[in-house]
Amino acid sequence: MTLLDVENLDVHFRVKRGLFGGGSYTVRAVNDVSFTIDAGETLGIVGESGSGKSTVGRALLRLVDATAGRIQLDGKEVTQLTGRMLDFRRDLQVIFQDPYSSLNPSMVIGATIGEPLGLHQGLTGADRERRVAELLDQVGLPADAASRYPSEFSGGQRQRIAIARALALEPRLIICDEPVSALDVSTQSQVINLLEELQERFGLSYLFIAHDLAVVRHISSRIGVMYLGRILEMGPADRVYDAPAHPYTEMLLTAVPVADPVAQRERKAKRRTLPVTELPSPTNPPGGCPFHGRCPLVMDVCRTTLPEPRPVAGGGWAACHRHDTNA
Ligand SMILES: Nc1ncnc2c1ncn2[C@@H]1O[C@H](COP(=O)(O)OP(=O)(O)O)[C@@H](O)[C@H]1O
Ligand code: SF4
Ligand SMILES: [Mg+2]
């Protein structure tokens, strides 16, 4: 069953050049992005920093306005919601990369987790304490964590606290915006295991954002690859990882370290070496294929015509002229 349905989403920012009438320019952070997430499913979104991943998440949360497109959560149009916004916010929660910045340093953990319970469910006193203890237990923290401050916890524990707070209102979908990017590798896998366990238990859906394909592969059933505000390739996680159909995905994969050095060398030899050049600016995106300036396989048509998504073997699609039938 489709829980989230995003169709042709654009998010453009108008930015003023100077304080006093310096004109303005447009940042095309998200362009024509479409995807769905089923109930209980994880969709991974990967791409370099600045590709528009967080802006997609922020548009879903209504923290920024969509310039165009439709966002439906459980059949309800999110972009049109006004007065009764709170109802939909319960269904949609978010976890950020740096839990320290999203936790109030002067508030004990119990108050932070209990806040939404008081605001939205009217829970007070012992009822609220009981529910906070239950949430702490669900994320693997002791009940006495409730009376301590964020500074007393490690990065991984703070991310568990942020997860407990996100779970408090029993959401359907959690946007995980680089939730493990700041953690060391073993803590990363503990947090990812916890997210998977909670998904199983509560039937949660995740939009899991990362800049590292290796991180999203394990938790995602499908992966979308973003570049300059567009999804260039989407498909089953294993297919995207083992048989990338878009030159940009290949480039991202050559940056993913493999534990075994022999396998790493073989993979590097097999893949075309792509120049790791700088990301063009979303203020003045190139015409044609957004990747054409960095693509070693570029053809004339790539400079003028935006490629359409085409189905690829093994499932999903890629937007690359190499997959056009007559190319
Ligand atoms: N509020 C804003 N105003 C202007 N530009 C923005 C704003 N938010 C994001 N951007 C720009 O949009 C682009 C995409 O940003 P973001 O979604 O944060 O990328 P990512 O999460 O993939 O790193 C970047 O060029 C960023 O500078
Ligand atoms: S459309 Fe052309 S430039 Fe873009 S990724 Fe494909 S081959 Fe490269
Ligand atoms: Mg981001």
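Start by selecting Arg239, which at 8% relative accessibility counts as buried, where buried means under 20% relative accessible area, exposed over 50% and partly exposed in between, computed with a 1.4 Å probe on protein chains only. Add Glu233 to the selection: the side chains of Glu233 and Arg239 meet in a salt bridge at 2.5 Å, N to O, a term that requires a side-chain nitrogen of Lys or Arg within 4 Å of a carboxyl oxygen of Asp or Glu. Glu233 is itself buried, with 0% relative accessibility.

Before moving on, keep in mind that this is a predicted model, in which local features need pLDDT of at least 70 and side-chain atom pairs count only at pLDDT 80 or more, while totals for chains, interfaces and linings use all residues. Residues are numbered from 1 along each chain as its sequence is written, chains are lettered from A and ligands numbered from 1 in the order in which they are written, and side-chain values use heavy atoms, with hydrogens and water left out.

Next, select Arg310 and Asp324, whose side chains meet in a salt bridge at 2.9 Å, N to O. Arg310 lies in strand S11 (residues 309-311) and Asp324 in the segment after strand S12 (317-319), so this pair ties together parts that are 14 residues apart in sequence; strands here are DSSP runs of E with at least two residues, numbered from the N terminus. Arg310 is partly exposed at 30% relative accessible area, whereas Asp324 is buried at 13%.

From there, select Arg131, Glu134 and Glu170 together, since salt bridges that share partners join these residues into one network.

The following stop is Glu41 with Arg222, a salt bridge whose closest N and O atoms are 2.8 Å apart. This pair links distant parts of the chain, with Glu41 in the loop between strand S2 (24-38) and strand S3 (42-46), Arg222 in strand S9 (residues 222-227), and the two positions 181 residues apart. Glu41 is buried, with a relative accessible area of 11%, and Arg222 counts as partly exposed at 21%. By the rule stated above, the count of salt bridges comes to 16.

Finally, select Gln93, which has its place in strand S6 (residues 92-95) and counts as buried at 17% relative accessibility. To see what surrounds Gln93, display Ala166, Leu169, Pro171, Leu173, Ile174 and Ile175, with which Gln93 is in contact once its neighbours within four places in sequence are left aside, contact meaning heavy atoms within 4.5 Å.

Terms used
Helices (H or I, at least four residues) and strands (E, at least two) are DSSP runs, numbered from the N terminus.
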